[in-house]
Amino acid sequence: MNGEGSLFRSPSATAAAYMATRNTQMLSYLCHLVDNNCNGGVPSLYPIDEDYIPIYMVNQLQRLGLSTRFPNIINDMLEHIHREYNAHKPSELCGLIPENIYKSSLAFQLLRFHGYKVSARKFCWFLNDEYALKYIEENHEKFTSILYNLYRATYLMFESEDELQKLRSFSRKLLAKSSLISQNVDDNIMLWPSLHEKIKCELATPWLARMDHLEHREWIESANKGNPLWLGKSSYFRIPCLDDGELIQLAKENYELRQKVYQKELGELIRWSKICGLMDMGFAREKTTYCYFAVASATSLPYDSYVRLIVAKSAVLVTIFDDYFDMVGSLDELQILANAVKRWNIKGLKSHGKILFDALDSFVTEVANKYFDQYGIDIVDNLQKIWYEVVDSWLTEATWSKTGHIPPMASYLETGMISIAAHILVLQASCFLTPSLSPHKLNPFEHEYITKLLMISCRLLNDLQSYEKEVKDGKINSVHIYMKENPEANIEDAIHYVENLLEETKMKLLELALMDGNDVEDLPKPCKRLHLTALKVFQMFFNSANHFDSKDSLLNDINKAIFIPLEPHTSLHHSEPQPLLPPPKKPRLVINSYNKVSMKYHGPWKPNHRFHCTFPAISTGSRRMVPLMKVYSSKFNFFVTH
């Protein structure tokens, strides 16, 4: 078979034929680009890949805290991003092109967070290429913004995604080196004036431990230091959606309105706690503000959502009940209180036990009446049973502690996952989400798999940061039980075991919370997301230390989230761009005009397709803001009006 069409060509002939085909394709593409996208001439700036525009727009709206205001627009852009993500081949076929990795890793974050099934192979391919790895390591300063995006992508890692695990170690190592350089990042892709601060934050605190509300604040205030600039051929230029002063102002107004709502609800929660007598118990940790801060900052629920107060009141009750069972009540008193909750009858209670039962009964009645008013269904019995499940677990743990009994690990986790009470915070509140959780999901001992994963995760998070305190108090803990069951193990071995178990559990929960079409598909999506929110709250409270029991470690975050106004001058009306480096390059604002950078759309939508969204005006005291935002792109034109 030596003919012209032989399949057995020499390697050199095959390579030559491949390169000739590639050269022809590249020449054709460049001619098409000049003729159709550049008005027949070579532009002074590198054309922006048109697929960046929706990616940047969704990311910007999300990080500014405005995603709940534009759900339809974001969904349409995500559909386009998903199509493009799957349509293009992995980057290794085109060589090590930093822009491709940057774009794919950012698109991956957005798509996975919103429930799309996407593979990380799109941007992880270089991990199996020793030459690419070596080049990136030796020139890591040229890949800083890319490594930042790659590291953030690993936060959404699921179980058995070994490539993302390898990517996390690789990117973290190089980001740690980059963080030592005290200058603005200019890596031939983006110029980020405050990227080093963001890198230090990423390395210090994992995404799960950061509250969304405070993340929005940081993103808004970072605009004071300048926005990222895209690298052009002879200058930097701004991407309009990242440099839109009106959009930043809208985010600022939105954030400050949320602060006013949170201040009002916190005052209501404190009054409720005082009326119930919970703030005057004398023995309990006073964590009313902590509890409200956590639920308000961890998620962007609607302004008028009743869910925040349900979760906060539940958390206050759980904290005080737990302290009573741990520190105050005798075993007889605890059994009397548990029996009263089982019967749901106050008879036989006095002093602290009576106050606690009265507060719990009042709260359950409030929640049940609210649900009946909305749906016409009585859930009193469901609520009473799920609360008894938790109270009974506290009694079991108190009995272990007071009698010196050490249960096997399986029994401890079976009880401890209930006593941490994370499920009671989530399930009650989920009944008031849209769509709401079915009341039969409140039944004890019949919890969904995602709920059990949340319960175990929160118990292990607590154990890892409280084992030293609990051994002094005579309480048991998974760390101590592991050492007892494995006499050859030391404390480091026990901690490592619990940490590994925790990481596996969190990755499973993350996948179930984000992805559709799994074994919890009968749970409403908002309910699954609330499970993830609860995990973030516990991760924040028990990240590197027991912040929940600390008197002051969270005070700064609480004040910034609820009370302290945003830094002034965040509306970003630039008269002249501030110099960021001693430049030969001058920042330029580029809009989508044919003689600069064309972003003509070649997809199934028609060019100049417009989305119209009515955005409710925000009342902020004496003036009324009517937002207007324009995103310059022939692919995505938005005119948002009141």
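## Salt bridges

A salt bridge is counted here when a side-chain nitrogen of Lys or Arg lies within 4 Å of a carboxyl oxygen of Asp or Glu. The model under discussion is predicted. Lys475 and Asp326 satisfy this criterion, with a nitrogen-to-oxygen distance of 2.8 Å. The two residues belong to distant parts of the chain, 149 residues apart: Lys475 lies in the loop between helix H19 (449-472) and helix H20 (478-485), whereas Asp326 lies in helix H13 (residues 307-328). Lys475 is partly exposed, at 23% relative accessibility, and Asp326 is also partly exposed, at 33%.

A search of the whole structure yields 26 salt bridges. One of them pairs Glu163 with Arg121, whose closest N and O atoms are 3.1 Å apart. This pair likewise links distant parts of the chain, as Glu163 is in helix H8 (residues 162-178) and Arg121 is in helix H5 (residues 121-124), 42 residues apart. Glu163 has a relative accessibility of 26% and counts as partly exposed; Arg121, at 31%, is partly exposed as well.

## A buried pair and its network

Glu202 and Arg210 form a salt bridge in which the closest N and O atoms are 3.0 Å apart. Glu202 has a relative accessible area of 4% and is therefore buried. Arg210 is buried too, with a relative accessibility of 6%. Through shared partners, salt bridges join Arg152, Glu202, Arg210 and Glu215 into one network.

## Helix H22

Helix H22 comprises 17 residues (residues 525-541). At 1.5 Å a residue, H22 should span 24 Å, and the 25 Å between its end C-alpha atoms agrees with that expectation. Of the 17 residues of H22, 15 are buried, so this helix is largely enclosed by the rest of the structure.

## Cysteines

The count of disulfides is zero, the criterion being a pair of cysteine sulfur atoms within 2.5 Å. Cys276 is buried, with a relative accessible area of 17%, a value below the 20% limit for that class. Cys291 is also buried, at 7%.

## The chain as a whole

The secondary structure of the protein chain consists of 23 helices and 10 strands. The chain has 642 residues, 54% of which count as buried. Its accessible surface amounts to about 29100 Å², and carbon and sulfur atoms account for 53% of that area.

Among contacts between residues at least 6 apart in sequence, 77% join residues at least 24 apart.

How values were computed
Residues are numbered from 1 along each chain as its sequence is written. This is a predicted model: local features need pLDDT of at least 70, side-chain atom pairs count only at pLDDT 80 or more; totals for chains, interfaces and linings use all residues. Side-chain values use heavy atoms; hydrogens and water are left out. Helices (H or I, at least four residues) and strands (E, at least two) are DSSP runs, numbered from the N terminus. The expected span of a helix is 1.5 Å times one less than its number of residues. Buried means under 20% relative accessible area, exposed over 50%, partly exposed in between (1.4 Å probe, protein chains only). Contact means heavy atoms within 4.5 Å. Accessible areas come from the Shrake-Rupley method with a 1.4 Å probe; for residues, only the protein chains shown count as cover.
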